[in-house]
Amino acid sequence: MTSAVIPLLPDPIPFSVPEDCLHVATRSWLIWLQGLFRTRPSGYYRWDPSMDETEIIITDQNPDKVEKTNIRPIIATARGAATWAGTSMGQSIRHNLASPRTTYTDIIGTSMTLSIIAREGLEAQNVAYFIFRMIPVFKSSIMRLGKIHAISNNITITQESQQGALVPGSSSPEWKMVQVIIPFYIQDVITADEKDFYSLMRAVNLHMGLE
Amino acid sequence: MLKVTNIRIRSFDLGYLDIYWDISPSFEDVLDFEFVVEKSDNEFGPYFDLTVPMINQYHVRDTTVRGQFNYYNKIYYRVRVQRRGDSEQEVWPKVGGAHLAALPDLAALEMARLNNLRLKEFSGRKIWIFPRKQSGQRCGVCWDQVSQRRTRSGCPTCHDTSWVGGYHAPVQTYGMIISPNEQTIHANFGDVQNENTTLLVGNYPEISEGDLIVEAENIRWRVASALSKIKKARALVRQQVALHRIPASDIEYRIPLNLAEDELKNLIASPERNYTNPQTLESAKLSNTLDNVFGAVPVEAEQSLL
């Protein structure tokens with residue numbers, strides 16, 4: 001699994017910064033959604049990588065200058081706030097009191113909000129419910145792809161947005177949104193055994209004027 | 001053939017509408033003719049027979065009225081005259097229908113005429129108005145009768161109106177669409193291009209919320225919720241309505257506007273006079289535009305004047 005995130009500058013020290021787990025998870029949700037809708041028959045919101053062929057748009061939030069605008073339905077992912085859960089003392093595990101070897105680990109609690117936008121409210125709900133229903137079916141696959149520790153069972157489908165709330169001006173609903181909110185958890189781990197980890201720690205501490 | 005005049009719709013009761021009409025003085029035997037009152041929810045039809053053929057009757061009470069609780073619904077009537085035992089028939093009024101509304105007085109008529117002239121010959125452009133259906137057969141493809149909602153979009157049967165067909169036949173008129181600001185909403189789910197503006201139009205046809213407006217450049221607009229109808233003594237003089245531009249991926253863009261080939265090829269949406277210098281008297285185009293303003297004189301009549 002490779003992340004699409006490429007550091008702006010090459011890391012000057014051998015210890016590589018851990019990959020962005022949140023982005024990896026977001027991409028796994030998107031890849032799953034695109035796969036889910038790619039297998040739909042034509043005329044039933046079939047997703048296609050080509051913007052000219054696709055019947056549904058599936059992107060992360062704020063897609064950058066998509067060639068075509070004003071097309072619906074849309075599924076847009078948006079990650080919610082991520083919080084360390086504090087599931088261990090000091091967020092670390094000391095393997096041996098005599099040894100400095102430490103594993104830094106904790107669970108990150110976050111959520112993914114899938115915004116489904118369609119012209120009709122019931123249409124948006126229909127797509128949202130399909131996703132909602134399919135999450136338990138594909139839970140283990142999404143977890144494996146996104147390196148996700150757990151996907152909560154408390155998945156929520158919101159009510160429809162108000163008419164005119166998204167795009168004002170029309171006398172018919174035109175843009176309606178239903179959201180699916182999925183809480184999930186990621187475990188992030190850094191083990192002090194990794195190469196040059198201590199060099200990094202020392203360099204930073206020295207910069208801070210600490211021993 | 002009898003000529004029906006002065007069709008009036010009157011009522012002080014929400015449960016019915018009275019339709020009255022007169023006939024022009026005639027030497028025909030009125031007993032040779034039958035009257036049939038036709039009714040429609042749209043000025044341009046389709047009309048269906050409200051009554052059986054009647055002889056020598058000039059008043060009908062329609063107790064089947066619906067939509068009278070809606071401020072803006074209108075019910076149109078016209079009277080068909082048919083000769084008994086013959087296929088000869090005529091419909092009155094010849095264009096549109098009569099509805100419960102005030103008659104425009106002379107001042108209102110003149111105000112409307114001047115405004116229409118200004119739109120046709122100076123500031124307006126050719127537009128086509130598709131009146132949205134408000135009744136009829138519900139769409140069996142996308143309409144859920146239990147929840148009373150449409151379940152999907154892009155429906156080719158009703159064009160996302162829930163009524164089969166979606167829109168009545170278009171009416172060509174002249175209107176001025178104020179150029180809107182180009183606006184892109186950078187929403188969380190992507191960029192949305194959104195345009196809202198105002199249409200200035202004369203007193204005919206009367207516009208309703210949800211009607212579809214098509215410009216000569218195939219820009220399509222939906223009439224929004226705010227309609228300003230300027231009236232004189234309750235008679236319509238001109239209209240100013242809010243418009244919302246329809247996303248080009250929507251089904252409304254698949255509604256055909258069937259112009260004849262010549263009409264399409266030679267389409268000039270703006271008044272022709274605006275493209276011609278008035279001092280070029282030899283210009284054939286100018287003569288055309290003068291005809292448009294003052295009325296064309298038939299060739300035979302022109303020759304007889306010489």
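## A residue of chain A and the folds around it

Leaving aside its neighbours within four places in sequence, Ile107(A) touches Ala85(A), Thr87(A), His149(A), Tyr185(A) and Gln187(A). This contact list, like everything else in this report, comes from a predicted model. Ile107(A) belongs to strand β5 of chain A, and one of its contacts, Thr87(A), lies 20 residues away along the chain, although the C-alpha atoms of the two residues are separated by 6.6 Å. Is Ile107(A) buried or exposed? It falls between the two, because 18 other C-beta atoms lie within 10 Å, whereas a residue counts as buried at 20 or more and as exposed at 12 or fewer. Ile107(A) is therefore classed as partly exposed.

### The two chains

Chain A contains 3 helices and 8 strands, which follow one another along the sequence in the pattern α-β-β-β-β-β-α-β-β-β-α. Chain B contains 4 helices and 17 strands, and its C-alpha atoms fill a box of roughly 70 × 65 × 40 Å when this is taken along the principal axes. The table sets out the buried share of each chain and the share of its contacts that join distant positions, counted among contacts between residues at least 6 apart in sequence.

| Chain | Residues | Buried residues | Contacts joining residues at least 24 apart |
|---|---|---|---|
| Chain A | 211 residues | 27% | 64% |
| Chain B | 306 residues | 27% | 61% |

### Helix α1 of chain A

Helix α1 of chain A covers residues 21-38. At 1.5 Å a residue, its 18 residues should span 26 Å, and because its end C-alpha atoms are 25 Å apart, the model agrees with that expectation. The buried residues of this helix are Cys21(A), Ala25(A), Thr26(A), Arg27(A), Ser28(A), Trp29(A), Leu33(A) and Phe37(A). Which elements help to cover the buried residues of α1(A)? The cover includes β1, β2, β5, α2 and β8 of chain A, the last of these being residues 176-191. Strand β5, which takes part in this cover, is also the strand in which Ile107(A) is found.

### Where the chains meet

In the contact between the chains, 25 residues of chain A are in contact with 26 residues of chain B. On the side of chain A that touches chain B, the elements giving two or more residues are β1 (57-60), β2 (74-79), β5 (102-118) and α2 (121-146) of chain A. Sorted by class, this side of chain A has 12 nonpolar, 10 polar and 3 charged residues.

### The barrel of chain B and its helix

In chain B, 6 strands close into a barrel, in the order β8-β11-β14-β17-β16-β15, and their pairing is antiparallel. From one strand to the next, the twist averages 45 degrees. Within this barrel, strand β14 (residues 196-201) and strand β17 (residues 235-245) of chain B run antiparallel and are joined by 6 bridges, and Leu200(B) stands opposite Gln240(B) in β17(B). Helix α1 of chain B (residues 106-123) packs on this sheet, where it touches β11 (171-177), β16 (220-232) and β17 of chain B, and its direction makes about 40 degrees with that of β17(B).

The length of α1(B) can be checked in the way used for α1(A): its 18 residues, at 1.5 Å a residue, should span 26 Å, and its end C-alpha atoms are 24 Å apart, which agrees. The buried residues of α1(B) are Ala112(B), Asn115(B) and Leu119(B). Seen down the axis of the helix, these buried residues fall within an arc of 65 degrees, so they line one face of α1(B). What covers them includes β11 and β17 of chain B, two of the strands that the helix touches. On the other side of α1(B), Leu106(B) and Ala107(B) are exposed.

### An open sheet in chain B

Chain B also has an open sheet of 3 strands in the order β1-β2-β5, with antiparallel pairing. Which strands form the edges of this sheet? The edge strands are β1 (4-10) and β5 (59-62) of chain B, because each pairs on one side only. The twist in this sheet averages 15 degrees from one strand to the next. Strand β2 of chain B, at residues 17-23, pairs with β5(B) in the antiparallel sense over 4 bridges, and the bridge partner of Asp18(B) in β5(B) is Arg61(B).

Key. Residues are numbered from 1 along each chain as its sequence is written. Chains are lettered from A and ligands numbered from 1 in the order in which they are written. This is a predicted model: local features need pLDDT of at least 70, side-chain atom pairs count only at pLDDT 80 or more; totals for chains, interfaces and linings use all residues. Two residues are in contact if their C-beta atoms, placed from the backbone, lie within 7 Å. Two strands pair if DSSP finds at least two bridges between them. Axes are lines fitted to C-alpha atoms, for helices over the stretch in contact, and angles run from 0 to 180 degrees between N-to-C directions. Ala, Val, Leu, Ile, Met, Phe, Trp, Tyr, Cys and Pro count as nonpolar, Asp, Glu, Lys and Arg as charged, and the others, Gly among them, as polar. The expected span of a helix is 1.5 Å times one less than its number of residues. The arc is that of the directions from the helix axis to the C-beta atoms.
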